[in-house]
Amino acid sequence: APYRISELVLLGVWELLRPTIGTNNCDTEALSQAVQQVINLHMSIALTFIDQKIMPYRNVRYGVSLSIRSQSSLDVNLALFDVLGRIGLTGIWFHWLVPHCNQEHQESVRNDVTRLFHAGMELIDNNPALFLPITDRQGTDIALFLQLWLVSDLDGSEVTSWLKGMAHRLMFAVHRRENYPSSFSDYRELAEHPRDRSDAYFQESTSGSTVIPLIAAWLQALGQAEEVKMLSALVRNKLNHCTLQLWMPDATSEEAMYVGGGNHGLVLCDLPLGEGSQLLATIADACRMDTAFNSLSPMQTGYWPVILVACRHYHLPIPPGFWLESLTQTTNIADELVS
């Protein structure tokens, strides 16, 4: 509860600050200081939770899963991905903090980024539920942890192994029609999922997905062409009714994003998986044409993690503008996308 409240307070203070950006007065300075103080408080709460509740059990087999103290596999799955998203976002905040802190503290802050990434990987390795989400909105938590890896500059072999494992488990779950990710978000619907194995229910519960194109795009960028082909065949043979999509902000997002106001943004629909390169090229084209993302006030002012806080708090997918360019540069395929 304190963590979620600190998120809400941060977003609320940012909403107060937003109209004053670009002006020079005492109120703007006071609000800027308030934002910094709330960010510090949010990071303190997040790190206290992770250090006290997660770190002691991260390398214990099923340690965090058992500490959730629920007999429901749904509760375990939801809680684990929530924790993974918090670890990812906290590490991202520390990465953002590096150039904003004193030089003598920068190495310590970088070490926190590395420590949080390794903690997340240990959490994944010891809690197999993290190899497949149960609801599509958990793609936000997956993307946050992947973003942490990007900013950490660490070796990507562990992340690659996790994504490959997720792709294989997804294929198995869909073929069995058991515990596959659904497009539902209501807890009662998720508790009954899968209600049956009929074609009608299966098509209803897999009507759309942001997780599949997210996994496929990252696997392609990481050079895992076989897994991308496998996902492409799965979509073609079993999920041809499913709308593959990603979310991006639009001109209305600046007014609505920080207060959770209604529907906003635009959706990239019917994304082509193909062999993977077409998917990345399609996303890259959309990002090049997008002007709304860089126009968001946190992007304009350098407080870009605020957008990720809003996405996590309101269960919005992470815009590909955050990860596409860095991912392609990291994996040396940027020139291929441009061509």
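By class, the residues around the largest pocket of this predicted model come out as 13 nonpolar, seven polar and three charged. That lining takes in 23 residues, and the ones nearest the centre of the pocket are Ser73, Asn77, Leu132, Ile134 and Asn179. Three helices each give two or more residues to the wall: helix H4 (73-97), helix H7 (157-176) and helix H8 (187-192). As for the space inside, the largest pocket has a volume of about 480 Å³.

Besides pockets, there is closed-off space to look at. Rolling a probe the size of a water molecule over the atoms shows where empty space is left. Just one cavity of 30 Å³ or more turns up in the structure, and the largest cavity holds about 110 Å³ of space. Its lining is made of 15 residues, with Pro181, Thr206, Gly208, Ser209 and Ile212 lying nearest the centre. At least two lining residues apiece come from H7, strand S1 (208-209) and helix H10 (211-221). Sorted by class, the cavity lining has eight nonpolar residues, six polar ones and one charged one. Helix H7 therefore shows up twice, since it gives two or more residues to the lining of the largest pocket and supplies at least two to that of the largest cavity.

Next comes the nonpolar core. In soluble globular proteins, nonpolar side chains tend to be buried together. Here, the largest nonpolar core gathers 112 residues, and Trp162 and Trp323 have the most contacts inside it. Helix H4 provides the largest share of this core, with 13 residues. What does tryptophan 323 touch, once residues up to four places away in sequence are set aside? The list runs to Gln147, Leu150, Leu214, Ala217, Trp218, Leu246, Ile283 and Ile318.

A polar residue gets tucked away too. Serine 253 sits in helix H12 (residues 253-256). Is serine 253 buried or exposed? With a relative accessible area of 0%, serine 253 falls under the 20% cut-off, so it counts as buried. The side chain of serine 253 makes a polar contact of 2.9 Å with the side chain of histidine 264. Leaving out neighbours within four places in sequence, the residues in contact with serine 253 are Trp247, His264, Gly265 and Leu296.

A few spots in the backbone are also worth a look. Most residues other than glycine have a negative phi, and most peptide bonds are trans. The bond from histidine 193 to proline 194, however, is a cis peptide bond, with omega near -10°. Proline 194 belongs to the loop between H8 and helix H9 (199-205).

Two residues that are not glycines have a positive phi. Tyrosine 62 has a phi of about 60° and lies in the loop that runs between helix H2 (26-54) and helix H3 (63-67). Arginine 69 also has a positive phi of about 60°, and is found in the loop between H3 and H4. How open are these two residues to the outside? Tyrosine 62 has 41% relative accessibility, so it counts as partly exposed. Arginine 69 has a relative accessible area of 77%, which is over the 50% cut-off, so arginine 69 is exposed.

Notes:
Residues numbered from 1 in each chain as written. Predicted model: local features only at pLDDT ≥ 70, side-chain atom pairs only at ≥ 80, totals over all residues. Heavy atoms only, no water. 1 Å grid on protein atoms, 1.4 Å probe; cavity = no way out; pocket = protein on both sides within 12 Å on 5 of 7 lines; lining within 4 Å. Points joined across faces, edges and corners; volume = space filled by probe spheres on them. Helix = DSSP H or I, 4+ residues; strand = E, 2+ residues; numbered from the N terminus. Nonpolar A, V, L, I, M, F, W, Y, C, P; charged D, E, K, R; others polar. Core = buried A, V, L, I, M, F, W, Y, C linked by side-chain atoms within 4.5 Å. Buried < 20%, exposed > 50% of the residue type's maximum accessible area, 1.4 Å probe, protein only. Contact = heavy atoms within 4.5 Å. Polar contact = N/O pair within 3.5 Å; in protein donor to acceptor, adjacent residues only side chain to side chain.
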